[in-house]
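Trainee: Please take one buried part of this model and walk me through its surroundings. I would like a close look, residue by residue.

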Amino acid sequence: MHVRQQHHIDHVIHTIHGGGLPVVDSLIAASWRRSVLQYGHNPTQLQAAKILPQASFQTFLDPYDEFIAITRHGLQALYRQIKDMGYVVLLSDNHGVVVAAQGTEQQPKALARAGLCRSAQWREADNGTSAMG
């Protein structure tokens, strides 16, 4: 485990239990507490990405077709600005399911293992704190 990862884990644990490390945003701290205390996630263990099966995802996407079409240009423009830094752009719905992605063609298997692809699920109850779910 990298030193930065261990520092982050220590920060999460201390925040959950009221430790003395620097305070994070109250929304993030509340999510950390829910993730550990309510949903039972262990911040010291990595979890496998949760990916919807392709057939389920296609059905799931139907209501988002127009929305995805409207956002495509903006996602592509954003990706062009950050692609040289090795980032991807993900768009999720209000349940934390990735409905569109830019930049995932370069390393599709590795990114899918990390949940950085279309059909990945990022709900807090399933994965813990994330920017999407």
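Mentor: Start with Val98. Its relative accessibility is 0%, so Val98 counts as buried. Keep in mind that this is a predicted model. Val98 sits in strand E3, which covers residues 98-102.

Look at what surrounds Val98. Setting aside residues up to four places away in sequence, Val98 touches Phe57, Leu90, Leu91 and Ser92. The list continues with Cys117, Arg118, Ser119, Ala120, Trp122 and Met132. For a distance across the chain, take Pro53. Pro53 and Val98 are 45 residues apart along the chain, and their C-alpha atoms are separated by 13 Å.

Now move to Val99. Neighbours within four places in sequence are again left aside. Val99 is in contact with Phe57, Phe60, Leu61, Tyr64 and Ile68. Leu91, Ser92, Asp93 and Arg118 also contact Val99. Compare the two lists: Phe57, Leu91, Ser92 and Arg118 appear for Val98 and for Val99.

Val99 also matters for the core count. The largest nonpolar core has 13 residues, and Ile68 and Val99 touch the most other members. Four elements give two or more residues to this core: helix H3 (54-61), helix H4 (65-82), strand E2 (89-92) and strand E3. H4 gives the most, with four residues. A second core is separate from this one. That second core has five residues, among them Val12, Ile16, Val24 and Ala29.

Next, follow the aromatic rings. The count comes to two aromatic pairs. One joins Phe57 and Phe60. Their ring centres are 6.5 Å apart and their planes meet at 20 degrees; planes under 30 degrees apart count as stacked, so this pair is stacked. Both residues lie in helix H3, three residues apart, about one turn of the helix. Their exposure is worth checking. Phe57 has a relative accessible area of 1%, so Phe57 is buried. Phe60 has 25%, so Phe60 is partly exposed.

The other pair joins Phe60 and Tyr64. Here the centres are 5.6 Å apart, with 35 degrees between the planes, and the pair is tilted. Tyr64 has 18% relative accessibility; the cut-off for buried is under 20%, so Tyr64 counts as buried. Put the pairs together: they link Phe57, Phe60 and Tyr64 into a cluster.

Return to strand E3 with that cluster in view. Val99 contacts Phe57, Phe60 and Tyr64. Val98 touches Phe57.

Technical notes: Residues are numbered from 1 along each chain as its sequence is written. This is a predicted model: local features need pLDDT of at least 70, side-chain atom pairs count only at pLDDT 80 or more; totals for chains, interfaces and linings use all residues. Side-chain values use heavy atoms; hydrogens and water are left out. Buried means under 20% relative accessible area, exposed over 50%, partly exposed in between (1.4 Å probe, protein chains only). Contact means heavy atoms within 4.5 Å. A nonpolar core is a set of buried Ala, Val, Leu, Ile, Met, Phe, Trp, Tyr and Cys residues joined through side-chain atoms within 4.5 Å. Rings of Phe, Tyr and Trp (its six-membered ring) pair if their centres lie within 6.5 Å; planes under 30 degrees apart count as stacked, over 60 as edge-to-face and the rest as tilted.
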